[in-house]
Amino acid sequence: MLRLRTCAARLRPLTASQAAQTVAQQRPITGTNRGHSRTFQPIRSYTAPVASEPFLNGTSSNYVEEMYFAWLEDPKCVHKSWDVFFRNANSGAAPGSAYTSPLSLSPHVSSMVGAQPNTEKLVEDHLAVQSLIRAYQVMGHHKASLDPLGISCVNFDEAPLNIRGHHVAQLDPLGIMDTDLDSCVPADIITSSDKLDLTVFMERLRVLTVGGFYGLQESDLDKVFRLPTTTFIGASESALPLKEIIRRLEMAYCQHIGVEFMFINDLEQCQWIREKFETPGVMQFTLEEKRTLLARMIRSTRFEEFLQKKWSAEKRFGLEGCESLIPALKTIIDYSSAKGVENVIMGMPHRGRLNVLANVIRKELEQIFCQFDSKLEAADEGTGDVKYHLGMYHRRINRVTDRNITLSLVANPSHLEAVDPVVQGKTKAEQFYCGDSDGKRVMSILLHGDAAFAGQGIVYETFHLSDLPSYTTHGTVHVVVNNQIGFTTDPRMARSSPYPTDVARVVNAPIFHVNADDPEAVIYVCKVAAEWRATFHKDVVVDLVCYRKMGHNEMDEPMFTQPLMYKQIKKQKAVLQKYAEKLITEGAVSRQEYEEEIAKYDKICEEAYARSKDEKILHIKHWLDSPWPGFFTLDGQPKSMSCPSTGLTEENLNHIGQAASSVPVEDFTIHGGLSRILKARAEMVKKRTVDWALGEYMAFGSLLKEGIHVRLSGQDVERGTFSHRHHVLHDQNVDKRTCIPMNHLSPDQAPYTVCNSSLSEYGVLGFELGFAMASPNALILWEAQFGDFHNTAQCIIDQFICPGQAKWVRQNGIVLLLPHGMEGMGPEHSSARPERFLQMCNDDPDVMPPITEDFAVSQLYDCNWIVVNSSCPANYFHVLRRQILLPFRKPLIVFTPKSLLRHPEARGSFDDMLPGTHFQRLIPESGAAAQSPHAVKRLIFCTGKVYYELTKERKSREMEDSVAIARIEQLSPFPFDQVKAESERFSNADLVWCQEEHKNQGYYDYVKPRIRTTIQRAKPVWYAGRDPAAAPATGNKNTHLVELRRFLDMAFDLQAFQDQQ
Ligand SMILES: Cc1ncc(C[n+]2csc(CCOP(=O)(O)OP(=O)(O)O)c2C)c(N)n1
């Protein structure tokens, strides 16, 4: 590689400014270059001594370099003269002397360009033709006719260009990036002089026929040129006349398909794409294919027309203007099915969703139609959702391949693109659970709107997951419904990039722009996209350039804001009509057949419409995107309403404890500091105690041993932000050698996945939520670096986690671990904002629920999520295990500690974790105050870390007899029963809620009304805590401590609230 690199560096051309200077000096000012006597540029190298070859200039060296790489692979694939040159150069010939004028060119080539060629001109002309070919490959999409309306606003002559010289620049100060870059150094480097070339080139292209392109004359158009190995336009021919070369390039790159791919830094992938689009005749369709396509266009078009006819005053976000989306998706699914895909998971926004449900996923039409009936009653609990948000799961036979295929469309909120990472997570999980380690059986398809694709940051975050080992789904096919408008906003106001799809370039995904008014072009690119995914297992984008026939929805007036666009749209002939006429003209179908096909589908719709009137009840559970077979009873209920003990045997605790404190593989050197940590763990196990990390280990390890997959994901979770976890050990002597002891527990255990994520909350939390959707038999946890940062994922919390079951009758047991605690670390790094989670809990603060025998479990069943702030590791252990041992699934939010991770008192005993033990929703007072409860003057309720500050203060004030402290560990659903018992026990005590958070934050507003309801408002609930504030915490350490002192004083001043009585 080094040799190749050096040679590449030697061949590297001038910088843009140098090239511009030299070219300006040497080229005549006329755009045509006619009569320009060519003077070859000296080559400039950045690293090697200046080399000089007479024929190398800023542009030609690209092609020489291209040939050089090809030659390295096969010396015979380049012309003999280049073979000689490269051999000389490689064997160290001095600059300028490697080139040897060939005595005579092969008779074949001689005859191609004339009897006695001028060798210099011959080389130059070939280089010029290569430049021409490459220019089409790079920029042909700028000239393709993509916009069905012909009103596209992007001026590509001024659009930014991509420059890839940085791939070979020496960027890494450590010099360790080479290994990573080796495989992706593009063999066809685009140089910084391209910017210059584009303008010049475009000018030349325009004048091509009137004379001169890189010195090519009009008269050269009939000359025959040898084709480089980087083009497939020749098919079996290795040389073509220039005129034919241009024609074929125009056909490949400048018709209804615009291929954007030359930024991809992989020669094989570029070659693959070139072959797919350049090979003459690739876009041929059989009669059968054309007829199937027409039938699919009919379904797509007539479905929307039917809805419009029946419910003209209803919003449906129809597909009119992009009807070819349906055959597009069906083509992707057909080809993927043919390649072995059995399960396709899709996510999409509003536009065309009903059509996709009907014609791609094949939801029964009556189920769709009945939803337009305003009298339809809801059968399920919860709030439900509008019809164009619901999900779907359907297993069927793919008619084209005759194979089974499962299609699911994930339910989503209005929040555009929010579903993207969720789909990816679900896809990853389905792959994981069926052992599909390379994505051959399960794949995802994501649909996007053009404005949302460009505007929503979650798209970028999701792309960045696409190639990470623990997050990749091995390629997603993205389809953009690019109707060139976002609600009322034009693209020129909605994005700064030329295309809405530019975000995909970041992962080297090829982008196929296609004019959606050409259904054959659409299905061709979809076929290639599916093949790309099956071949390279990388993302790919299909950009369906279309229009929106109606307003944003059917009730909307688009002429207010886009008058000219909509005048044009009104003139536009419907795509179905255009395609049908084309096929009728070609004789592929008769008009009668076409009309019969329409009548057939209309009849299907009418019959379904009649049946839909019988539907009186809407069952949202029929719209479930992720069924969990066997987990519930047949009518969707939990199999029991109890939770077994979450404790473990002593033997089990010891066994997991040993795994947590040892290195299970031989010859593995861990860091000295870590050895001490493991030793300390071993000591704890000996003493039958656990700290936070060990409690977590016990929970995860035991679930794994019980066959439950555990997946912990988030930023730096492997070690743990606070360096307490260490679930992945790193060999100090062997790079990248790691070991996960939790995967060495027992031969029949479930796998443990612990993965550091990209630095994203929105994307990664969405992904884990999707992962948790796939199976109830897995504990999926996402940990925020600090709880503060969860709010960049707020949309996933607000739109999916909190109301997911209410909207979509879909349960989810995801666990959020949110480090939280006021420790003087400033406004951030302090608060996971418990108040926000608590405000969104659905339990009623004013109603005392009946305390039944199964109260604890049934209130869990009724809640929308569980909010826990545990003060001790044993309870943390129990709540994690309870997540799985419950007979249903609910999201669990845990505010986890920071300083408590190492607090000597925040330890648990094995006794608290043995069989028969449970998670304690409330930990009652058990000290001196409990001995004579009637003598207790004050009962302080608190939660989490402040408990340790309170007990320390109580001790120092010697108030252990007079003040009782009870910890509410499960804040929501609220332990009404236990709070009641505790208040009744200390019946003479006044009641205080103490928290370290500010008064308008934390838990106060949530717990106060509930405690009051519990005690039937018999007493006040006093507040001891920080004053209300805008920021979650002070940045001043001293202020922090003063605040702490103040509220502790208040909590233990038995007279403090007398004035307020
Ligand atoms: C995150 C978010 N912001 C704003 C909206 C409101 N909204 C709904 S549709 C829409 C326009 C979307 O345009 P585009 O992505 O091009 O899709 P189209 O509706 O044109 O198919 C907007 C702004 C939303 N649903 N979600």
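## A guided tour, starting at Q799

Start by selecting Q799: leaving out residues up to four places away in sequence, Q799 touches P413, H415, Q794, K807 and W808. Keep in mind as you look around that this is a predicted model. Show the ribbon, and you will find Q799 in helix α27, which covers residues 794-801. Is Q799 buried or exposed? Its relative accessibility is 16%, and buried means under 20%, so Q799 counts as buried.

**Next stop: W311**

Now select W311, in the loop that runs between α11 (287-310) and α12 (325-338). W311 has a relative accessible area of 14% and is therefore buried as well. Which residues does W311 contact, once neighbours within four places in sequence are set aside? Add F369, F372 and Y609 to your selection to see them. Try a distance label between the C-alpha atoms of W311 and F369: they are separated by 9.6 Å, while the two residues stand 58 apart along the chain.

**On to the ligand**

Select the ligand and display what surrounds it. The shell has 15 residues, and R351, S414, D450, A451 and A452 are the closest. By class, five residues of this shell are nonpolar, eight are polar and two are charged. Which helix gives the largest share of the shell? Colour helix α16, residues 450-455, which supplies three residues.

Zoom in on some polar atoms here:

- At S414, a polar backbone atom is 2.9 Å from a nitrogen atom of the ligand.
- At D450, an N or O atom of the side chain is 2.7 Å from an oxygen atom of the ligand.
- At N483, a polar side-chain atom lies 3.0 Å from an oxygen atom of the ligand.

On its own, the ligand has 580 Å² of accessible area, and the protein covers 75% of this.

**Zoom out**

Now bring the whole protein into view. It has 36 helices and 28 strands. Of its 1061 residues, 59% count as buried. Taking contacts between residues at least 6 apart in sequence, 80% join residues at least 24 apart. Switch on the surface: the accessible area is about 42400 Å², with 52% belonging to carbon and sulfur atoms.

**Last stop: colour by pLDDT**

The mean pLDDT is 86, and 85% of the residues reach 70 or more. Select residues 1-52, where the pLDDT is below 50, although the model gives this stretch 103 contacts beyond near neighbours in sequence. Then select residues 156-170: pLDDT stays under 50 there too, and the model has 39 contacts for them beyond four places in sequence. Where pLDDT is low, predicted coordinates should not be read in detail.

Note on methods: Residues numbered from 1 in each chain as written. Heavy atoms only, no water. Helix = DSSP H or I, 4+ residues; strand = E, 2+ residues; numbered from the N terminus. Buried < 20%, exposed > 50% of the residue type's maximum accessible area, 1.4 Å probe, protein only. Contact = heavy atoms within 4.5 Å. Areas by Shrake-Rupley, 256 points an atom, 1.4 Å probe, with all protein chains shown as cover. pLDDT = per-residue confidence, 0-100. Near = heavy atom within 4 Å. Polar contact = N/O pair within 3.5 Å; in protein donor to acceptor, adjacent residues only side chain to side chain. Nonpolar A, V, L, I, M, F, W, Y, C, P; charged D, E, K, R; others polar.
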